[in-house]
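Please look over the structure below before reading on. The briefing that follows takes up a few topics in turn, beginning with rings and ending with a single buried position.

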Amino acid sequence: MHMLSDATIFTQVRFWVLVLCSLVCPAAIFVTLFVRREFSKKAVLAFGLLLILLAGVDIFVLRALSLEAQATPSLADDIVFSSELSIALYIIPAAFGTFGLNMVSHVLMHYLKQKEARFEAHRQSAQPLPIVNGAHRNRPRAPGGPRMRPTAVVRRRREAVQVVANALPRDPSATERRRATPRAARSPIRGS
């Protein structure tokens with residue numbers, strides 16, 4: 001025989017656990033997520049796992065309450081927990097569980113991308129550098145544009161030209177003549 005307090009589901013502790021797990025705790029988590037500026041990946045992972053756990057507890061409590069609602073004499077219990085309206089109550093934990101699962105997968109994808117980048121960096125550092133052939137077809141190309149020379153090759157050629165230019169004997173009178181001659185006279189094409 002049920003006690004007077006068990007005449008309705010709404011006075012039981014399980015109902016208030018349901019309210020806590022389906023409304024209060026998820027709302028507090030989402031307010032915290034939107035109010036704070038930054039989170040560590042561990043905090044996001046913890047919030048995601050907590051949302052999944054709350055969704056599981058919520059579904060378990062909903063199932064237990066729907067079974068107890070059939071045994072109580074109150075019609076309000078039957079309307080909320082044993083009718084079509086109870087399907088709407090299952091949507092709330094499903095949504096929070098989905099959000100939690102997305103948060104957990106976001107953190108896991110971040111760590112997996114980091115590990116893939118480390119693996120690629122390690123693999124590239126372990127590979128010997130390829131021997132570069134002097135053929136022109138091995139030059140890198142700009143996307144959709146003409147072939148470009150690697151910057152190291154261009155730099156070496158500039159340095160070589162500079163060394164050769166510095167090694168040549170200078171004729172001081174040639175630079176003095178150049179300074180004294182007007183620019184129009186030096187130009188091979190003269191204006192008419």
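**Aromatic rings and helix packing**

F30 has a relative accessibility of 18%, and because buried means under 20%, F30 counts as buried. The model described here is a predicted one, and F30 is a useful starting point, since this residue appears both among the ring pairs and in the contact between helix 1 and helix 2.

**Ring pairs**

- In the structure as a whole there are 4 aromatic pairs, and one of them joins F15 and W16, whose rings lie 5.2 Å apart from centre to centre, with 75 degrees between the planes, in an edge-to-face arrangement.
- F15, a member of that pair, has a relative accessibility of 14% and therefore counts as buried.
- The rings of F30 and F99 also form a pair, with centres 5.5 Å apart and planes at 85 degrees, and because an angle over 60 degrees counts as edge-to-face, this pair is edge-to-face as well.
- This second pair links distant parts of the chain, for F30 belongs to helix 1 whereas F99 belongs to helix 4 (residues 85-126), and the two residues are 69 residues apart.
- F99 has a relative accessibility of 43%, so F99 counts as partly exposed, whereas its partner F30 counts as buried.
- F30 and F99 are also part of a cluster, in which ring pairs link them with F96.

**Helix 1 against helix 2**

- Helix 1 covers residues 13-35 and helix 2 covers residues 41-69, and the two pack with their axes 8 Å apart, at an angle of about 160 degrees.
- Angles over 145 degrees count as roughly antiparallel, and helix 1 and helix 2 are therefore roughly antiparallel to each other.
- The crossing that these two helices make, helix 1 with helix 2, is left-handed.
- On the side of helix 1, the residues in contact include F15, L18, C21, C25, I29 and F30, and on the side of helix 2 they include F47, L50, L54, V57, V61 and L65.
- Sorted by class, the residues in this contact of helix 1 with helix 2 comprise 18 nonpolar, 2 polar and 3 charged ones.

**A buried serine in helix 2**

- What does S66 touch, once residues up to four places away in sequence are left out? S66, which has its place in helix 2, touches F81, S82 and Y90.
- S66 has a relative accessible area of 9%, and S66 is therefore buried.

Definitions and conventions. Residues are numbered from 1 along each chain as its sequence is written. This is a predicted model: local features need pLDDT of at least 70, side-chain atom pairs count only at pLDDT 80 or more; totals for chains, interfaces and linings use all residues. Side-chain values use heavy atoms; hydrogens and water are left out. Axes are lines fitted to C-alpha atoms, for helices over the stretch in contact, and angles run from 0 to 180 degrees between N-to-C directions. Helices (H or I, at least four residues) and strands (E, at least two) are DSSP runs, numbered from the N terminus. Angles under 35 degrees count as roughly parallel, over 145 as roughly antiparallel, 65 to 115 as roughly perpendicular and the rest as oblique. A crossing is left-handed if the near helix is turned anticlockwise from the far one by less than a right angle, and right-handed if clockwise. Contact means heavy atoms within 4.5 Å. Ala, Val, Leu, Ile, Met, Phe, Trp, Tyr, Cys and Pro count as nonpolar, Asp, Glu, Lys and Arg as charged, and the others, Gly among them, as polar. Buried means under 20% relative accessible area, exposed over 50%, partly exposed in between (1.4 Å probe, protein chains only). Rings of Phe, Tyr and Trp (its six-membered ring) pair if their centres lie within 6.5 Å; planes under 30 degrees apart count as stacked, over 60 as edge-to-face and the rest as tilted.
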